[in-house]
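I am new to this structure. Please walk me through the terms and the reasons behind them.

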Amino acid sequence: MPTPQFIVDLRTHIGHAPLWLIGVTAVVIRNDEVLLVERADNGIWAPVTGIVDPGEEPADTAVREVAEETGVTAAPVRLAWVHVTPPITHVNGDRAQYLDHVFVMRWVAGEPYPADEESTDARWYPREALPDMPERMRRRIDAALDEGRDTRFEWSGAG
């Protein structure tokens, strides 16, 4: 599914003005492989990402987005990292910033394919042979693969 309808509706009122949104990153693991998609909007390889719908639990969003974008069924294992992304200007000019929840997901069933228009490819990559990708995406995968850690939080130390 492309941009959620509630955001499309908001954009008719505010244009490209910045939006504060809740997001998820789903790092799906099968044995020693990580599920990645090649994004249609910018051509980068990345874990599955998505926007939490109003009233939706973030873990449910992760499950839904993986199924919608890759055809794979996955289950959440743990929350690996909660962080705020830098402000982003999307290809269409929309500006946003996300409170991102990085979930470690366990593969349940299915072989990946680009199941919607958001991706041009979807496939498994060995952990030690991931394709080039932006550092912001690599950090999300690293947080998910760091099995010895509790949930990582960003904290300024103020207060």
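The turns below take up one residue, one helix and the largest pocket.

Reply: This is a predicted model, where local features need pLDDT of at least 70, side-chain atom pairs count only at pLDDT 80 or more, and totals for chains, interfaces and linings use all residues. Residues are numbered from 1 along each chain as its sequence is written, and side-chain values use heavy atoms, with hydrogens and water left out.

Me: Why is Ile14 called partly exposed?

Reply: Its relative accessible area is 34%. Buried means under 20%, exposed over 50%, partly exposed in between (1.4 Å probe, protein chains only). So Ile14 counts as partly exposed.

Me: What makes α1 a helix?

Reply: A helix is a DSSP run of H or I with at least four residues, a strand a run of E with at least two, both numbered from the N terminus. Helix α1 covers residues 5–14, Ile14 among them.

Me: How do you know that the buried residues of α3 lie on the same side?

Reply: They are Met137, Arg140, Ile141, Ala143 and Ala144. They cover an arc of only 160 degrees around the axis, so they sit on the same side of α3. The arc is taken from the directions from the helix axis to the C-beta atoms.

Me: Which residues of the lining are closest to the centre of the largest pocket?

Reply: Arg39, Asp41, His90, Tyr98 and Glu118. The lining has 40 residues, where a lining residue has an atom within 4 Å of a point on a 1 Å grid. Strand β1 gives the largest share, five residues.

Methods
On a 1 Å grid over the protein atoms alone, a cavity is a set of points where a 1.4 Å probe fits but cannot get out, and a pocket is an open set with protein on both sides within 12 Å along at least five of seven lines; lining residues have an atom within 4 Å of a point.
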